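Reader: I am new to this structure and would love a friendly tour. Could you take a few questions?

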Amino acid sequence: MNKKLVAALSGGAALVLALTGCGGGDGDDGDKKVESWAEKVCGGMQPQLKKIRDANAAIQGAADEPDSKKLQQTDSQAFQQISDAYRALGKSVKDAGAPPVDDGEKAQTEALKDLNARSRAYEDLKTAVDKLDTKDKSKFAKGLNGIAEELNKLGKNSDDAFKRLQEGEVGEAMAKQKGCQRPSGGAPAPSMDANASTGASS
C-alpha cells in the first residue's frame with residue numbers, strides 16, 4: 001500500500017544529494033573567510049541529512065505494511081522528521097550569514113527560501129497523511145496515492161538555489177568540510193529518477 005510513496009521518495013532525494021554532493025576540493029587553501037563560512041554551514045549538516053535518510057528508510061520499510069493505522073503513523077512521523085531536518089538546514093544557512101563572495105547575499109536568500117519551502121511542503125504532507133481515513137482501506141490507499149503524487153512534484157522541483165550556493169570558491173570550501181561530504185561506507189544514494197522501479201505499480 002505504501003509502495004507508491006516509496007517510488008516517489010527517489011525523486012524527493014534530489015536536494016539531499018545536492019547537499020552531500022560537494023566534490024573533491026583541490027587547489028589552494030582559498031579565502032579563510034569563505035572556509036570559515038563553509039565550516040559554519042556544514043558543521044550541523046550531517047545529523048540533519050541522517051534524519052532525512054532515516055525517515056526515508058522508515059517509509060521504505062513500511063512498503064508492505066498491511067495495517068493502515070501503523071502505516072499512517074510511520075509516514076506521519078517520517079514527514080515530520082524530514083520537515084524538521086530541512087528547517088534545521090535552513091537555520092544553519094541563515095545563522096552562517098551570507099557567504100563572503102559576489103552575490104553571496106542573494107545566493108543565501110534563495111537557498112534559505114528553498115529549504116524553508118521544502119520544510120513546509122513536508123509539513124503539509126504530514127497533515128495530509130494525518131487526515132486519511134484508516135478505517136476504509138480503499139479510501140486510505142487512494143489518499144496515499146494522492147500524497148505520492150505530491151511527493152513526486154516536490155521531487156521534481158528545482159534545487160538550483162542550493163546548488164548555486166555551492167558554486168565556485170564556496171563549493172570548494174564546502175567540499176573540504178566533513179559535514180558536507182557523503183558519509184564513508186554509507187548506503188548508496190537513492191536514484192534521482194522519480195519513476196525508479198521501486199514497486200510503483202501497486
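Reader: Which residues of helix 3 are buried?

Author: Happy to help, and please keep in mind that this is a predicted model. A residue counts as buried when its relative accessible area is under 20%. In helix 3, the residues that meet this are Val34, Glu35, Trp37, Ala38, Val41 and Cys42.

Reader: Why do they lie on the same side of helix 3?

Author: Look at how the buried residues are spread around the axis. They are on the same side of helix 3 because the arc they cover is only 160 degrees. On the other side, Lys32, Lys33, Glu39, Lys40 and Gly43 are exposed. So the answer to your question is the arc of only 160 degrees.

Reader: How far does helix 4 reach from its first C-alpha to its last?

Author: Helix 4 covers residues 45-61, which makes 17 residues. Some of them are buried, including Met45, Leu49 and Ile52. At 1.5 Å a residue, the expected reach is 24 Å, and the model comes close to that, with 24 Å.

Reader: Which element gives the most to the lining of the second largest pocket?

Author: This pocket holds about 200 Å³ of space. Its lining has 14 residues, and among the closest to its centre are Asp102, Asp103 and Arg164. Two or more lining residues come from each of helix 6, helix 8 and helix 9. With four residues, the element that gives the most is helix 6.

Reader: How many residues of that lining are charged?

Author: The lining of the second largest pocket can be divided by residue type. Five are nonpolar and two are polar, while the charged residues number seven.

Conventions: Residues numbered from 1 in each chain as written. Predicted model: local features only at pLDDT ≥ 70, side-chain atom pairs only at ≥ 80, totals over all residues. Heavy atoms only, no water. 1 Å grid on protein atoms, 1.4 Å probe; cavity = no way out; pocket = protein on both sides within 12 Å on 5 of 7 lines; lining within 4 Å. Points joined across faces, edges and corners; volume = space filled by probe spheres on them. Nonpolar A, V, L, I, M, F, W, Y, C, P; charged D, E, K, R; others polar. Buried < 20%, exposed > 50% of the residue type's maximum accessible area, 1.4 Å probe, protein only. Arc of directions from axis to C-beta. Expected span 1.5 Å × (residues − 1).
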